[in-house]
Structures are given as C-alpha cells and as structure tokens.
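Trainee: Please give me a close look at the paired strands of this model, and then follow the connections from them to the side chains and loops around them.

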Amino acid sequence: LSELVEVTAYRDGNEYNQSFSRGIAVGAMQVAKQEGGGKRQGTTIRFKPDDQIFDKIVFSVDTIRTRMKELAFLNSGTELNLSSYDKKKDAMVDEQMLFSDGLKDYVMDLTSDANRLHEPITFKGELEGVRVEGSLCWTADSYSDTLLGYANSIRTTDGGTHLDGLKYSLTRTINALSRKAKLLKDSDANLGGDHVREGLSGVIAVWVPNPEFEGQTKTRLGNSEVRRIVETIASD
C-alpha cells in the first residue's frame, strides 16, 4: 500500500537497510557495521502511502495518539513517543506516553471525570498459555457499564469470550459473597448481571497464542477456552 517504504534495522552489531516501492524491493539489502560499538537495537520504518490506491491521504494525529495511548496502557512500562506538527504553533510537538501501572492507569483515565467508589481493582494471571490482565472500578455517576476488551492488543469492539468470562465471573462471585455476608437472604433472588455491573468501568486484556476472531470486521474473540480461563482468573 506504499509508494515507498524504507526499513532500517539494527542487530548483532550491523545496520541493515532495505527499500521497497509498491511491494517490490528497490535494490539489494545493504549491510554495514554499526558505528559506536554496535550495541544499538531496534527497527525504524518510514513509509509514504500510495496515491494510486488512496484517493485522499490525511493522517489523523488524534487517531494515532488514541491508538498509541491504548498500546502504552496495555504494555505497562513501555515508553511511546509521538512527534507531530502543530499548525497553530507552527512547530513540532513531542508527547511521551508511559504508564507504569498499565490497566490500572487506563481505568483511572476512563473514570477521570467520575466519582469513584474505590481504588481500581486489578488482577492478572496466566493459564494454559493464555495471559490475562484486568482492572475494574465502580463509580456513582452512571447506570450503565463501560467494559473494554482487548485480545493480543487488538480492541475487540464486538466483545467475545474474554468479556463473557469476565461478566459471568463478576455476577457469580458477587452473588456468592453477598450471600456469605448475609447481604442477600435465602429467599432473595440473585442479582442480575446488569445490577452487578451498574456504574462499572473496566478493561480486560488477553494474550492468546492462537486467536480466533469472528464477525465481518474480525472484532470479536471466539476462542471458547478463553472464557473458562478468564472466569477462573477473574473469580480468584
């Protein structure tokens, strides 16, 4: 999709350079010894979208910023930097995104304008090769819930088995603890899921070795085993 792509990679003391134009390599890969001791690592990619494919090429800084912020929340301790040109200031603006508490910071951001009832609850665990992280906070300002799901750092806007597992474990656990604490009598019906999640803001993220995405836009996680794994870790 690019008129030009330029890739520079630093590895094993060498610097590798390769260019491509509309899918075809432009010459052979160039290899040179790194300067200054050869300890640099990482990859730089520069690209120019192909105007033969795209009618209009406009980069939305807000869209890029939102996505980078998501990734910084999902990968705690990872620093991401965004440089963008500000027309009003006629200058480049540099922004740093670094969240040491990961999903807890994400929920704090989601509830920044709300009346929180407690500090965000966080949980994490790994089972059968599936890593699970979550954070939850109830607020006094809303009658609905805001639950965001991610699978392998991809936003699952249509939900999926990870969100199903979280909702089920929340309802089951809170009902069980309510009865144990005598807040629900034997004659009382169980609280419904909507009641349990009223005013809840939360994020559930899973990393799955072989994800199965469903739907027209592939934004729903379909792995059946993930529901059971999330239920177990969230309930604990």
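**Strand pairing and its surroundings**

Mentor: Let us begin with β10 and β12, which run parallel and are joined by 6 bridges. Within this pairing, Y150 faces A205, a residue of β12. Please keep in mind throughout that the model is predicted. The two strands belong to an open sheet of 5 strands, whose order is β8-β9-β12-β10-β11 and whose pairing is mixed. At its edges are β8 and β11 (154–155), each of which pairs on one side only. As a general principle, strands of a sheet are held to one another by backbone hydrogen bonds, in either a parallel or an antiparallel arrangement.

The loops next to these strands deserve attention as well. A salt bridge joins the side chains of D145 and R197, with 3.5 Å from N to O. D145 sits in the loop between β9 (130–138) and β10 (146–151), while R197 sits in the loop between α4 (193–196) and β12 (200–207), so the contact ties together parts that are 52 residues apart in sequence. The two partners differ in their accessibility class: D145 is partly exposed at 29% relative accessible area, whereas R197, at 11%, counts as buried, because buried means under 20%. Elsewhere, D62, R65 and E95 are joined into one network by salt bridges that share partners.

From β11 the chain continues into the loop that leads to α3, and D158 is found in that loop. With a relative accessibility of 45%, D158 counts as partly exposed. Apart from residues up to four places away in sequence, D158 touches T217, T219 and R220. The C-alpha atom of D158 is separated by 25 Å from that of I174, although the two residues are 16 apart along the chain. Helix α3 itself covers residues 161–180 and includes N175. N175 is buried, at 6% relative accessibility. Beyond its neighbours within four places in sequence, N175 is in contact with L184, N190 and L191.

A second group of paired strands begins with β1. This strand is joined to β2 (residues 14–21) by 7 bridges, and the two run antiparallel. One of the bridge partnerships here places T8 against N17 in β2. β1 and β2 form a hairpin with 2 residues between them, and D12 in the turn has a positive phi of about 50 degrees. A further hairpin follows, formed by β2 and β3, again with 2 residues between the strands; R22 in its turn has a positive phi of about 50 degrees. The pairing of β2 with β3 (residues 24–25) is antiparallel and consists of 2 bridges, with S21 standing opposite I24 of β3. β2 also pairs with β4 (residues 30–33) in an antiparallel manner, through 4 bridges. In that pairing, K33 of β4 is the bridge partner of N14.

Strand β1 also takes part in a side-chain connection. E6 and R46 meet in a salt bridge with an N to O distance of 2.6 Å. E6 lies in β1 (residues 2–11) and R46 in β5 (residues 42–49), so the pair ties together parts that are 40 residues apart in sequence. E6 is partly exposed at 30% relative accessibility; R46, at 54%, is exposed, because the exposed class begins over 50%.

R46 appears a second time, in the lining of the largest pocket, together with I45, F47 and F59. The space in that pocket is about 220 Å³. By class, its lining comprises 3 nonpolar residues, 1 charged residue and no polar residues.

A last salt bridge completes this survey. The side chains of K104 and E119 meet at 3.5 Å, N to O. K104 lies in helix α2 (residues 103–110) and E119 in the loop between α2 and β8 (121–127), so this pair ties together parts that are 15 residues apart in sequence. K104 counts as partly exposed at 25% relative accessibility. Across the whole structure, a search finds 16 salt bridges, the E6–R46 pair and the D145–R197 pair being among them.

Key: Residues are numbered from 1 along each chain as its sequence is written. This is a predicted model: local features need pLDDT of at least 70, side-chain atom pairs count only at pLDDT 80 or more; totals for chains, interfaces and linings use all residues. Side-chain values use heavy atoms; hydrogens and water are left out. A salt bridge is a side-chain nitrogen of Lys or Arg within 4 Å of a carboxyl oxygen of Asp or Glu. Buried means under 20% relative accessible area, exposed over 50%, partly exposed in between (1.4 Å probe, protein chains only). On a 1 Å grid over the protein atoms alone, a cavity is a set of points where a 1.4 Å probe fits but cannot get out, and a pocket is an open set with protein on both sides within 12 Å along at least five of seven lines; lining residues have an atom within 4 Å of a point. Grid points are joined across faces, edges and corners, and a volume is the space filled by probe spheres set on the points. Ala, Val, Leu, Ile, Met, Phe, Trp, Tyr, Cys and Pro count as nonpolar, Asp, Glu, Lys and Arg as charged, and the others, Gly among them, as polar. Two strands pair if DSSP finds at least two bridges between them. Contact means heavy atoms within 4.5 Å.
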